[in-house]
Amino acid sequence: MTRASTESASSRSKPLNGSKNGHALLREAVPTSVDVPQLRPFFGYYGGKWRDALKHYPEPQHATIVEPFAGSAGFALRYAARKVILCEVDPVLAAVWRYLIRVKAKEILSIPDLAPGESVDDLKVSQEAKWLVGFWLNRGTASPRKSPSKWMRDGIRPGSFWGDRVRQTIASQVDAIRHWELHNCSYAELPVPRAATWFVDPPYEAAGRYYRFGSEQIDYAALAAWCKSRPGQVIVCENEGATWLPFRELADVKTTRADRRSREVYWLNTFELRDAS
Ligand SMILES: C[S@@+](CC[C@H](N)C(=O)[O-])C[C@H]1O[C@@H](n2cnc3c(N)ncnc32)[C@H](O)[C@@H]1O
């Protein structure tokens with residue numbers, strides 16, 4: 001488990017009422033980032049936002065954070081002590097999150113390494129544990145693998161693949177997400193809206209077909225209307241070229257695929273509030 005450095009923790013504790021991006025004043029008591037443990041990813045995922053969450057997106061202004069397209073929940077991991085509600089339509093990812101939310105650290109520590117030539121099916125562990133390990137056999141995949149990638153077999157960057165370091169990290173973090181909620185449904189079926197920070201990171205319209213539940217299954221006009229009607233603070237992620245909301249350029253963000261760079265855009269509901277005033 002890592003903690004924000006003193007410098008960045010104190011600088012992040014300030015913008016809560018008058019945020020760096022000019023957001024409205026806070027009316028709720030929201031935990032600050034000071035001394036709140038920041039979690040590392042429980043698993044790598046294609047399109048994961050953990051690395052960019054602090055640098056590129058505004059700080060959440062509400063005590064509740066909703067990630068309606070959860071994936072590996074890269075944004076919520078940075079503010080894990082808040083009330084976190086995840087929604088994920090893919091039953092494999094949903095099962096992995098349910099497992100992580102309830103599993104004991106001891107059980108994680110008992111999941112063995114893969115011996116040379118073995119696949120996850122050789123492990124005598126639950127299906128969810130196999131999927132969790134499967135996400136650590138390759139980097140940034142959209143679904144768990146069964147056998148180690150060449151990178152893992154070659155022993156390059158051992159901390160990036162299933163092994164003792166990863167096991168220890170996950171085990172040290174599971175107690176920090178006991179209060180998280182997970183819904184295995186489509187974003188539109190999420191129960192009762194409440195004022196929250198909504199971090200909306202759907203499969204990108206053009207590049208999001210690699211997911212088991214990808215862009216071809218999403219009605220982006222309906223998603224746009226849904227985003228606009230969320231109560232609270234809404235942050236939406238996309239890639240350059242998307243037009244289903246009036247996106248603005250964010251930054252040249254490195255993707256989880258090391259060889260490619262994508263130009264990220266974003267939309268905040270405060271753009272419209274500001275434009276209207
Ligand atoms: C871009 S990824 C999210 C990545 C995430 N921000 C992270 O840090 O890992 C999009 C996720 O949305 C999920 N998804 C696709 N359609 C969905 C839907 N209709 N409702 C909820 N989740 C959906 C996909 O399975 C995928 O996990």
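Which residue in E7 stands opposite Phe 199? In the predicted model, the residue opposite Phe 199 is Ile 235 in E7. This pair belongs to the contact between E6 and strand E7 (residues 232-239), two strands that run parallel and are joined by 5 bridges. Thr 197 also faces this neighbour, standing opposite Gln 233 in E7. From E6 the chain passes through H8 before it reaches E7, and this β-α-β crossover is right-handed.

E6 is paired with strand E3 (residues 64-67) as well, again in the parallel sense, over 2 bridges. Here Thr 197 in E6 has Ile 65 opposite. Thr 197 therefore appears in both pairings, with Ile 65 named for E3 and Gln 233 for E7. Both strands of the E6–E7 pair are mostly covered: 5 of the 5 residues of E6 are buried, and 6 of the 8 residues of E7 are buried. In a regular strand, side chains alternate between the two faces of the sheet. Within E6, Ala 196, Trp 198 and Val 200 point one way, whereas Thr 197 and Phe 199 point the other way. Residues of both sets are buried.

Beyond the end of E6 lies Tyr 204, placed in the loop between strand E6 (196-200) and helix H8 (220-228). Tyr 204 counts as buried because it has 24 C-beta neighbours inside 10 Å, the cut-off being 20 or more. Apart from neighbours within four places in sequence, the contacts of Tyr 204 are Ser 215, Glu 238, Asn 239 and Ala 242. Of these, Glu 238 and Asn 239 carry numbers that fall in E7 (residues 232-239). The C-alpha atom of Tyr 204 is also 9.3 Å from that of Gly 47, a residue 157 positions away along the chain.

The ligand is surrounded by 24 residues, of which Phe 69, Gly 71, Ser 72, Gly 74 and Asp 201 come nearest. By class, this shell consists of 14 nonpolar, 6 polar and 4 charged residues.

Confidence varies along the model. The average pLDDT of the chain is 85, and 81% of the residues score at least 70. Over residues 1-26, however, the pLDDT is below 50. This stretch has 38 contacts in the model beyond near neighbours in sequence. Where pLDDT is low, predicted coordinates should not be read in detail.

Terms used
Residues numbered from 1 in each chain as written. Predicted model: local features only at pLDDT ≥ 70, side-chain atom pairs only at ≥ 80, totals over all residues. Near = placed C-beta within 6 Å. Nonpolar A, V, L, I, M, F, W, Y, C, P; charged D, E, K, R; others polar. Helix = DSSP H or I, 4+ residues; strand = E, 2+ residues; numbered from the N terminus. Buried ≥ 20, exposed ≤ 12 C-beta atoms within 10 Å, placed from the backbone. Contact = placed C-beta atoms within 7 Å. Pairing = 2+ DSSP bridges. Right-handed = clockwise from strand over helix to strand, strands pointing away. pLDDT = per-residue confidence, 0-100.
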